Amino acid sequence: MTATGNSTFAMPGIDPSAPRRVPLDALKPSDSPRAQRQDEEHVRKLADSDWEFDPILVHRGTMRVIDGMHRLSATALRGRREIAVRFFDGSEADAYVLSVQLNVRHGLPLTPAERRLAAGRILRSHPHWSDRAIAERTGLSGKTVGKLRRSASAEIPQSHTRVGRDGTVRPLSSAEGRRIAAALLAEDPGASLRELARGAGLSTGTVRDVRDRLRRGESPVPQGRRDGAGPATVPPQLPRQRTGERPAGEVPSDLATTAVQKLVRDPALKATDSGRLLLRVLLATELTPDQWERIADALPPHSVPLVHVAAARRSAEWSALADVLAQRARGAA
């Protein structure tokens, strides 16, 4: 008989290869939302049982346990020095989400307070996820997650889009989605309703209405809709900064450039696939404010809504990464 909570090795990001034996002292404690990290009575029951434990799940980058702390402690209580491990290769933020998700699905349940605490942290690290997507992973209702998002709006990076449970990127505003659908139609008038619906994050019925309105020479957004001001082909202009003005908390461009130059010379980053990937991304987007402005000015009107969606999502992802790194920096201080 085996002791485990769930079959996890088929989930995205988890190495499907055979488990590896890892020394216990090479592993770090779980980053868990639990107020009480471990139930000692449960550990003793596991240790005294005849069960052969299923592999625990570990974040490869940090060697931190994602799922299986009770099995790890029970293995130590049995006097063993190694344990079977499966590895997760995603980010630390995604590892935390996976830990919460697995704790919600099996084993000792999280309390409502612990679930809300976990949802708050996930909102800060994954602000582009929809309320329902976060609710599904934390065992809360979508309404509860929405209340948490509104109550902590100052701490959460804002985005005009959300990634749903199915992985589809959808605009928060149906008007924004209608403008995107209109832009897609202008680019490819022969596109099917399903293709347009996927691209704009709308239902096929709404896309059909957009197409019919455009054929009648009307705006894709019905008149009087609260969030529907403005035609599809004239998107809002990017805010211009006055000379010498910099938003609070923004790193000066010359300092950021110096940081990239130092990272490029870091042999530790060049030695790993993830490090080399980071360097490629940083170098590819190392542009001056004038270059970004020229890019924005040169965009054809029909492309602006789509670039806006992509840029908003990238902004949320970079902001979430910056928040995670800031937390790590504070912890190391």
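Below, a biologist and a modeller discuss a predicted model.

Biologist: Which residues have the most contacts inside the largest nonpolar core?

Modeller: In general, nonpolar side chains of soluble globular proteins tend to be buried together. Here the largest nonpolar core has 15 residues. Those with the most contacts inside it are Ile-122, Trp-129, Ile-134 and Val-145.

Biologist: Which element gives the most to this core?

Modeller: The elements that give two or more residues to it are α3 (92-105), α4, α5 and α6 (142-151). One of them gives 4 residues, the most. That element is α4.

Biologist: Which residues does Val-145 touch, not counting residues up to four places away in sequence?

Modeller: Val-145 is among the core residues with the most contacts inside the core. So is Ile-134, and Val-145 touches Ile-134. The full set touched by Val-145 is Leu-123, Asp-131, Ile-134, Ala-135 and Leu-140.

Biologist: How many residues are in the second, separate core?

Modeller: The second core is separate from the largest one. Ala-181, Ala-191, Ala-197 and Leu-202 are included in it. Its size is 14 residues.

Biologist: Which residues of helix α5 are buried?

Modeller: Helix α5 spans residues 131-138. Buried means under 20% relative accessible area. The residues that meet this are Ala-133, Ile-134, Ala-135, Arg-137 and Thr-138.

Biologist: Which residue just after α5 takes a positive phi?

Modeller: The helix runs over residues 131-138. Just after α5, phi is positive, at about 75 degrees. The residue is Gly-139.

Biologist: Is strand β4 largely enclosed or largely open to the outside?

Modeller: Strand β4 covers residues 82-88. Of its 7 residues, 6 are buried. Therefore β4 is largely enclosed by the rest of the structure.

Biologist: In which sense do β1 and β4 pair, parallel or antiparallel?

Modeller: The two strands are joined over 4 bridges. Arg-21 has Ala-84 in β4 as its bridge partner. The sense of the β1 and β4 pairing is antiparallel.

Biologist: Which residue in β4 stands opposite Leu-57?

Modeller: Strand β2 (residues 56-59) and β4 run parallel. They are joined by 4 bridges. Opposite Leu-57 in β4 stands Arg-86.

Biologist: How far apart are the closest N and O atoms of Asp-31 and Arg-121?

Modeller: The structure holds 12 salt bridges, and Asp-31 with Arg-121 is one of them. This pair links distant parts of the chain, 90 residues apart. Asp-31 is in the loop between β1 (20-23) and α1 (40-48), while Arg-121 is in helix α4 (residues 112-125). Their closest N and O atoms are separated by 2.5 Å.

Biologist: Which relative accessibility makes Asp-31 count as partly exposed?

Modeller: Partly exposed lies between the cut-offs of 20% and 50%. Arg-121 falls there, with a relative accessible area of 28%. Asp-31 falls there too, so it counts as partly exposed, at 25%.

Biologist: Why are Lys-45 and Glu-41 separated by about one helical turn?

Modeller: Their side chains meet in a salt bridge of 3.7 Å, N to O. Lys-45 is exposed at 55% relative accessibility, whereas Glu-41 is partly exposed at 46%. Both residues lie in helix α1, so the turn follows from their spacing of 4 residues.

Biologist: What is the N to O distance between Glu-317 and Arg-314?

Modeller: The two sit 3 residues apart in helix α14 (residues 304-332), so about one helical turn separates them. Glu-317 is partly exposed at 28%, and Arg-314 is partly exposed at 47%. Their salt bridge has an N to O distance of 3.3 Å.

Biologist: Which residues are joined into one network by salt bridges that share partners?

Modeller: A network of this kind needs shared partners. The residues it joins are Asp-15, Arg-60 and Asp-89.

Biologist: What is the accessible area of the nonpolar patch on the surface?

Modeller: Its residues are Leu-277, Leu-278, Val-281, Trp-318, Leu-321 and Leu-325. The elements giving two or more of them are α12 (273-284) and α14. Leu-321, in helix α14, is partly exposed at 36%. Together the patch residues have about 470 Å².

Biologist: How far apart in space are His-308 and Ala-296, C-alpha to C-alpha?

Modeller: His-308 is found in helix α14 and is partly exposed at 29%. In sequence, 12 residues separate His-308 and Ala-296. In space, the C-alpha to C-alpha distance is 10.0 Å.

Key:
Residues numbered from 1 in each chain as written. Predicted model: local features only at pLDDT ≥ 70, side-chain atom pairs only at ≥ 80, totals over all residues. Heavy atoms only, no water. Buried < 20%, exposed > 50% of the residue type's maximum accessible area, 1.4 Å probe, protein only. Salt bridge = Lys/Arg side-chain N within 4 Å of Asp/Glu carboxyl O. Patch = residues over 30% accessible without salt bridge, like charges linked within 9 Å, V, L, I, M, F, W, Y side chains within 5 Å. Areas by Shrake-Rupley, 256 points an atom, 1.4 Å probe, with all protein chains shown as cover. Pairing = 2+ DSSP bridges. Core = buried A, V, L, I, M, F, W, Y, C linked by side-chain atoms within 4.5 Å. Contact = heavy atoms within 4.5 Å.
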